[in-house]
Amino acid sequence: QVQLVESGGGLVQPGGSLRLSCAVSEYVSRIYTLGWYRQAPGKERELVASVDSHGNKNYGDFVKGRFNISKDTSKRTVDLQMNSLEIEDTAVYYCNAYLPWAEYWGQGTQVTVSS
């Protein structure tokens, strides 16, 4: 069982930045892929960013160079640095851990971009 606990969400103005952090209960090197997803009201959950065990990163098309995902094996965390935030980035952001035999989710953290 992998436990994921997100932190760092909040209210930010358009153009601002936020850093989300996810604490992982297992060694991150043992997890196939770690990622961040988001879900806005009335929309499906979508991939924001992911990083696999080799360090390969993948981003949703809407990111357009604004976000960066990173993992720290010593701290057992996976962070999402979000810059140039837009109103459309408002959503609940979820941390995800994928292994070939199971998938785990955090409880989510709210990000609200508003003036």
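**A look at the β1-β3-β8-β7 sheet and S21**

In this predicted model, V5 sits across from A23 of strand β3. That pair is a handy way into an open, antiparallel sheet of four strands, ordered β1-β3-β8-β7. The rest of this briefing covers the sheet, then S21, then confidence.

**The sheet**
- β1 (4-7) and β7 (67-72) are the edge strands, each with a pairing partner on one side only.
- Going from one strand to the next, the twist averages 15°.
- β1 and β3 (residues 18-24) run antiparallel and are joined by four bridges.

**S21 and its surroundings**
- S21 is part of strand β3.
- Is S21 buried or exposed? It falls in between: its relative accessibility is 22%, and buried means under 20% while exposed means over 50%, so S21 counts as partly exposed.
- S7 is 14 residues away from S21 in sequence, yet their C-alpha atoms are 5.3 Å apart in space.
- Setting aside neighbours within four places in sequence, S21 touches V5, E6, S7, W36, T77, V78 and D79.
- With D79, one of those contacts, the S21 side chain makes a side-chain-to-side-chain polar contact of 2.7 Å.

**How confident is the prediction?**
- Mean pLDDT for the chain is 94, and 98% of the residues score at least 70.
- Which elements mark the two ends of the range in mean pLDDT? Strand β10 (residues 102-105) has the lowest, at 94, and strand β11 (residues 109-113) has the highest, at 98.
- As a rule, predicted coordinates shouldn't be read in detail where pLDDT is low.

Conventions:
Residues numbered from 1 in each chain as written. Predicted model: local features only at pLDDT ≥ 70, side-chain atom pairs only at ≥ 80, totals over all residues. Heavy atoms only, no water. Pairing = 2+ DSSP bridges. Axes fitted to C-alpha atoms, helices over the stretch in contact; angles between N-to-C directions. pLDDT = per-residue confidence, 0-100. Buried < 20%, exposed > 50% of the residue type's maximum accessible area, 1.4 Å probe, protein only. Contact = heavy atoms within 4.5 Å. Polar contact = N/O pair within 3.5 Å; in protein donor to acceptor, adjacent residues only side chain to side chain.
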